[in-house]
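This report describes a structure with regard to its cysteines and the surroundings of its ligand. The sequence and the model are shown first.

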Amino acid sequence: MSAPRIEIDLGVVERNTRVLVDRLAARDVRVLGVTKAVLGSPRVAAAMLRGGAVGLGDARVENLARLDGSVPRTLIRSPMLSQVAQVVRTATASLNTEPAVLAALDDAAAHAGIRHDVILMVELGDLREGIAVDDVSAAVKVVLASRSLRLRGLGTNLACQNGVVPDDANMDVLHRLVDRSEAQHGITLDVVSGGNSAALDWALTTSRLGRTNELRLGEAILLGTEPLRRTPITGLSTNAFALVGEIIEVADKPARPWGNQALATYGEPPSRTAGGTRRQAIVALGRQDVDIDGLIPPAGVSVLGMSSDHLVLDIGDHRMTVGDELCFRLGYGALVRAMTSPFVNRAEVSASPALTTQPAGWPNVTEITTSSPAAMLTSDTVTPAGS
Ligand SMILES: *Cc1c(COP(=O)(O)O)cnc(C)c1O
């Protein structure tokens, strides 16, 4: 398969899910696997389910529509009013904050003869989606008075907008609200959806887990990192994804540009003060394919800059030639951009092709593939050579 392409190791996705599911099961917390970063890939979703996720979540109806219809599927962004009919047909549940949307969902579900599950999201300080604590009771009443909606529980989302860290103080507000809602309305709430990957640390270490019994996990499963500090999570692999690009020019060039300098295409040019020459390679990858932030080059290689279609690298002492492929690791933003670029091919494999070749003399062989990987990618059930 041609470069640029993103290689997804389904085995890693399954194992990462399993590790997280087991750790959280010890605390009676379930995992919803979030597929939005992989555009609702059915095979990635299946790997999450094999790893023990109890259901799937995605922010887009279009992605949920790709998923197995027999599995619980939650729309994790408040439905657009214009999409409620699709939502009740495509999602078994949705996260909600707006009474007008709840009313429209109820009409759509009644019209379709379907029951739709609702989780009400509570604002705890990160200031993205969420109902003010004082308004939750009114929203609960709206759902309880509906014909076709079923109130499954309450939830919250922290860290995404303002980096607010889930802790005992803010999570206690949610737990007390769950208790109060049950008492006040004479109901039982099955689901307390405590957050995204940023809530993992809290959920695994707190002595006050309270009513939280579910997390919605994307990044932790897919990248093996936790978002608050962007650090790898112990026991998880960070190698589920590799972005493979192809080298189109290699040359020794002066380290410093010459001529009068003004702005470059994407703003200030990087300052280049060193003298001498540099071995520079251009990879056919650009900002149309991936975000420069979160693009992690192989060891011994550094990124000099990226424009729409050219990624310029300092390759140090490496001997690379035109046609060679290079493997990059991805942060979350870079992953999302690469997955949504129409120029990036996708190869879902059951073992990392980057691990199948070990060219001699490379500083970090697991991150680099050789120039003819076609044989490694002819099927999507590649197994590592010699293992
Ligand atoms: C994206 C998202 C998630 C998953 O977040 P990760 O950090 O990838 O785990 C969970 N809940 C909501 C509401 C989201 O938008």
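A disulfide is counted here when two cysteine sulfur atoms lie within 2.5 Å of each other. In general terms, such a link is a covalent bond between the sulfur atoms of two cysteines. In this predicted model, a search of the whole structure finds zero disulfides.

Two cysteines may be described by their accessibility. C327 has a relative accessible area of 1% and is therefore buried, the limit for that class being under 20%. C160, with a relative accessible area of 43%, is partly exposed, because its value falls between the limits of 20% and 50%.

The ligand occupies the space of the largest pocket. Around the ligand there are 13 residues, of which K36, S197, R216, G218 and E219 come nearest. By class, this shell is made up of five charged, four polar and four nonpolar residues.

Polar contacts to oxygen atoms of the ligand include the following.

| Residue (side-chain atom) | Ligand atom | Distance |
|---|---|---|
| S197 (N or O) | oxygen | 2.5 Å |
| K36 (polar) | oxygen | 2.8 Å |
| R128 (N or O) | oxygen | 3.0 Å |

How much of the ligand's accessible area does the protein cover? On its own, the ligand has 380 Å² of accessible area, and the protein covers 94% of it. Among the residues in the table, K36 and S197 also belong to the group that comes nearest to the ligand.

Methods: Residues are numbered from 1 along each chain as its sequence is written. This is a predicted model: local features need pLDDT of at least 70, side-chain atom pairs count only at pLDDT 80 or more; totals for chains, interfaces and linings use all residues. Side-chain values use heavy atoms; hydrogens and water are left out. A residue is near a molecule or strand if one of its heavy atoms lies within 4 Å of it. A polar contact is a pair of N or O atoms within 3.5 Å; within protein, one must be able to donate a hydrogen and the other to accept it, and residues adjacent in sequence count only if both atoms are side-chain atoms. Accessible areas come from the Shrake-Rupley method with a 1.4 Å probe; for residues, only the protein chains shown count as cover. On a 1 Å grid over the protein atoms alone, a cavity is a set of points where a 1.4 Å probe fits but cannot get out, and a pocket is an open set with protein on both sides within 12 Å along at least five of seven lines; lining residues have an atom within 4 Å of a point. A molecule sits in a cavity or pocket if more than half of its atoms lie within 2 Å of its grid points. Ala, Val, Leu, Ile, Met, Phe, Trp, Tyr, Cys and Pro count as nonpolar, Asp, Glu, Lys and Arg as charged, and the others, Gly among them, as polar. Buried means under 20% relative accessible area, exposed over 50%, partly exposed in between (1.4 Å probe, protein chains only).
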